[in-house]
Each structure stands twice: as C-alpha cells, then as structure tokens.
Amino acid sequence: MARWFRLFEKKRGNRRTGSERIAGLWEAGFFASLFLLGCLGFWLVLRFLLLPEWRSGKDFLPVPCKVLETRLGTTLREGQTLYRPEVCIEYRVGERVYRLWTYDIHTVRGNGYSVDRRHAERCLNDYRVGESRTAWYDPTNPEIAVLERGFRWWTWLVLLIPFSFVVLGAGGVSYHVWRWGKSVERLAVQGKPLALSLSANPDAALFPFVPEIPSGIQQPGEHLPYRLPVLGTPSRALMGWLGAALFWNGSVLALALAVYHSGKFDWSFTLFLIPCLMIGLTLVAAFFRQWMVTTAIGQTTVEISDFPLICGQRYRVYLKQTGWLKMNWLEMLIVCEEEATFQHGTNTRRETRRIWQKTLARHEKFDIFHSVPFEIETEIEIPSGMMHSFRSPHNEVRWRLCVRGSAQDWPVFERIFPLVVLPEPSRKSDTASWPRRPVQATSMGGATSSEGTSHDNSETV
Amino acid sequence: MEPRIVIHLDHRKTVYEPGEILSGKVIITPADCGEAIKAVELSILWYTDGKGDQDLHVHHFRRWSQDGDSPLSISAPLRFQTILPQTPLSYDGLIIRIRWCVRVRVFPVKGREIVEEITFRLGHVAPARVRIQ
C-alpha cells in the first residue's frame, strides 16, 4: 500500500525523494522560530536586566539616607548557596519616611545573588551602621531606592545569547525568502560563480573549471624549461610528526607534573599514564623514522619541456633522484584519476578511480650516491581523446606524474607531481594560442648515471 | 490545458565544438496559453552525474517574464544563442560524468513548473576505460 505520508526519505547528496518545497518550509519555520526566540530573549534581557540598570543610573533622584543595618543575604538555588550584600536604610521623600533593605537595583527586584561570597562581604564593608550616605530613589515610586548605580558588565554579555539567535534566525529566513520560487539555474546564476571558488586563474575565462597550479610555486628547471612542484613534501610530514610528538608528550608531561604536585599520584593514574607514554614514544619513533627517510631518500626533481600539457601532444620529462641508496627499483608513471566527493549521512566521503596509467620508465637494481644523483630523461604523450584536467566542488579529473621507488632497508616511497592537461584544440591553428606559463632561460646539464636493467617509454639513461 | 515545450537546436546538431555557437529556439504550445504562463527560463548548463554530489554551472541564462526586462510573448518562438566555452567537455567517466544540456522551465500562473531539456555533447572526449600500460 502506498504511504500517504512518507516517514523517511532517501537522501544522497543533494538528491532527495521528499518534497523540496515542504522541506524548505520546515527549514524556514525553524529559522523563524530561532528569530522569534532571539527577539523574546532580547526583550527579557532588556526588560529585566538592562532597562532597570539604565533607569537607576539616569532617572533616579539623590536623597540623604541613614544606614541602619547590614547583612549577607543568602539563597539556595540548585543545591548551591548564593550571596548578595543587603543594607537597611532609612530616607525621607516629602513628608514620608521610607525604610527598606537594598543595595542595587537587582537587590530591590529580588535578584543580585552570586556565588562570590567574598565580593558580597567586601561590598558590605563599605557601609557602617549609623553613617549617613546618599541613596537614589525612583521618583515614580519612592519605595524603590538604591545605594549603588551603574551597569554590570555581564549583562551585556548576556545580550550575546539572544543576539546570536536573532542573527541565525534572520539569516536563515532571509536565505529562504531569497531562494523561494527560484529555479536551481536562476540561483546558480545569481549566486557565487563556482569558478571563483576554485582559483584565481588567469586562463579561467578561456578554460573554466580547469585547475591551475599556482604560478608562485612553479620554477624554471635546470634541464628542461619547467620544474614541477611536488605534492606533500617530506619536510612537511617531518614537521607534522615533530609537532604531534611535541604536543602529545608536552601535554602528558604537564598533566603528570600537575597530578604529582597535587599529591594525587596513585596507581590508577600510573595505569592511565602508561598507554599515554606508549603513544608518545611511538610519535617520537615515527618522527625519527621520517627524518631518516627524508635525509636518506633525498630530493626528487621532475622537469618538463612544456606546461600546461595538451591532449594528443608529446613532451620531454626529466627525473633526478638524489640520496644515498641501494635501489631495488624506481619507476615514473603518468596517471589520470577521477575523484568524487559525496555526502554519506553526515560524513563526507571520497572515492578515487584511476582511469589511465602508463609507466614512463622503470629501473631496477642500481645505486644512488650523494655526489652522483640518478637522472633520466624520457618522453610522454597525452593520448588524444582523453579527458582534460577538471575540478568542480565535488568532482575532479586530475593528471599526475608519480615517482615510486623501493630501496634496501627503506619503505616504498611515492612522490606526486600534479599536471594540468588542456583539451586538444578543435582546430590545429588554435594550438599556438593555447596558454603557456612564462619561464626564465634554462641551462642544460647534469650527468646521468645508472646501473642495472631498465625499460623506458622511449629514451633513458 | 498544460503547456507543451519543444526545444529545437539549429542544424539539428548533437555534438558541438568548444567555442562554437549554439543556437536554437523554444516553442511553447498552444500559442494562446500566454496568459497562463508567468515566466519562462532558459539555461544552457552542464552538470555532473555519478558517484559524487552533483555540481552544476549555468553557462547561459535567460528569463522571460510578464513583469521582467524581457517581456514574455510565446506567440513567436523564443530564440537563444551563445558561444560555448572551451571547457569542461562532455565526459563519460567511471565515476564522473559531465553532461551539457539546454533546459527550459515554464512557470505557470497556477500549478507546478514544467521542465524540458535537450542534451548535447561538447567536444570529443572518449568514454573512460581503465587502461594500465
């Protein structure tokens, strides 16, 4: 039997089985409730906190009074004793004499309590029984008088609570009113263009949604015109491990010292401390391992003859690997991957698929020395008809050069060099107008050295 | 009677080159239902389809309405024309697809909006197949 009212709706990203209109109404109603709640909070704070303080400071009139008695007022709220100063005064307005317990406007209104007993006692110490002081009374109701006027700082902080409700509610309602009755296409045109959130790409007008490697990190190469930046440099990983080790071990040490000084260092805390110390030692070990990997494996440099790349064209690629290693193997790949980001419940997930891969060079069983880096130059061709680089907020097609290697006594390492691939021009004459990164003059050089077997795409060693 | 939307692309093309002019017309029938229509929107857009959340970008947008800058008159076909961008090209990947289309929305004075779209390909990117060499 078909359900008249759908209790559950299937949700996958932006696609829903329910009515968007009804969902929008519910959301707008929710934000309107927040707004009304904020307005009510504003009114309550103004009416019961700020306005009385403001009136006592502005409208109340001075009158001489006599202090008859002082006491520490107490009350019990939620199991906690609260305190306030209370002073009994006598004053005359016209022909009538008034006597009341007061301090400030909150005391008169039945509030003014706080957990700070010492503060209340300090306030009372300012008043001596029998002395004459000045009080301020309400001209519209002389039975109300205070000894202290002015604003309490925390009443302004209280205003932030209803203010945040009003801002959230008003923002949400305005957003829904702005969206109401508009198609997704109209909203997309009136909203922020997606391209703006990707990069400040000078070629964006020509190639929208093609990501560009920021020009600041592009350097001219020594062997070929363009040196490619590496993603996630080893030094960053090194600093990451160092930061994590320092933070964790510092926190554990501070906690242990605090507990030791408080005299509560018992067996239960020792049991708690053991796994914390184990984690700390693991982080330190990970840092030293990363440090050894970074220093021993050395820098990987990749240079290319042109940038960005165009589908259907051939390019020269140069690889230099420094370090002091006995390599089992080293290979350079060009890969094209798709990456999709999607909401799964409240989680954001990513899925990556490699759709094309080609080994440009692979060398086995050779040594790399400090003074003689490993160098190869080879050729790549981006196949005609392949998809160009593409990036939108949730979907990406990316091209990369991957250098992977395995050395004796070291884990397999991989270094990624992002590429930008443009579509092939529809007319051959367009190729000349395709964008090129400006580059400085380069010098050719560098010795090549390798031993062992190799099988390259075209030319090596 | 509910209006019917027909989208015609000039030269009956289904594949366009980047930078090429895409033009066509929208015919809304019956022609005497103009007063029953509040507005008509035409978008030339691409959207992603596949595993990831949908991304959408409107390349060309036009709105005809009774009270807007572009007055609505459906007695004659509504013509449109735009220069297509260089990217992104239409693509059939393994988990990502990029589709281009001309989409028309008709907003009647009463009742739900009516949507009609016609897809076309931009460029000649081959469908993705896993290739490891």
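1. Let's begin with A:E212, a residue worth finding on your screen. In this predicted model, A:E212 counts as buried because 21 C-beta neighbours fall inside 10 Å, and the cut-off for that label is 20 or more. You will find A:E212 in a loop of chain A, the one that runs between α5 (184-190) and β8 (219-220). One partner across the fold is A:P418: the two residues are 206 apart along the chain, yet their C-alpha atoms are separated by 9.5 Å.

2. Stepping back to the whole of chain A, you can count seven helices and 20 strands. The chain has 461 residues, of which 25% count as buried. Contacts that reach across the sequence are well represented here: taking pairs at least 6 apart, 73% of the contacts in chain A join residues at least 24 apart.

3. Helix α4 of chain A deserves a look of its own. The helix covers residues 153-179, and its 27 residues should span 39 Å at 1.5 Å a residue; the end C-alpha atoms lie 40 Å apart, which agrees. Where does α4(A) kink? The kink is centred on A:P162 and amounts to about 25 degrees. Just after the helix comes A:G181, whose phi is positive, at about 75 degrees.

4. Chain B is built from other elements: ten strands and zero helices. Its pattern along the sequence therefore reads, by the DSSP runs used here, as β-β-β-β-β-β-β-β-β-β. The C-alpha trace of chain B spans about 60 × 30 × 25 Å along its principal axes. Of the 133 residues in chain B, 33% are buried. Among its contacts with a separation of 6 or more, 64% come from residues 24 or more positions apart.

5. Now to the place where the two chains meet. How many residues does each chain bring to the contact? Chain A supplies 37 residues and chain B supplies 39. On the side of chain A, the elements giving two or more residues are α5, β13 (325-344), β14 (347-368), β16 (390-392) and β17 (395-407). The most comes from β14(A), with seven residues. By character, this side of chain A divides into 18 nonpolar residues, 13 polar and six charged.

6. A last pointer for your viewer concerns α5 of chain A. This helix is among the elements that touch chain B, and the loop holding A:E212 lies between α5 and β8.

Definitions and conventions
Residues numbered from 1 in each chain as written. Chains lettered and ligands numbered in written order. Predicted model: local features only at pLDDT ≥ 70, side-chain atom pairs only at ≥ 80, totals over all residues. Helix = DSSP H or I, 4+ residues; strand = E, 2+ residues; numbered from the N terminus. Buried ≥ 20, exposed ≤ 12 C-beta atoms within 10 Å, placed from the backbone. Contact = placed C-beta atoms within 7 Å. Nonpolar A, V, L, I, M, F, W, Y, C, P; charged D, E, K, R; others polar. Expected span 1.5 Å × (residues − 1). Bend = angle between axes of the 7 residues up to and from the residue.
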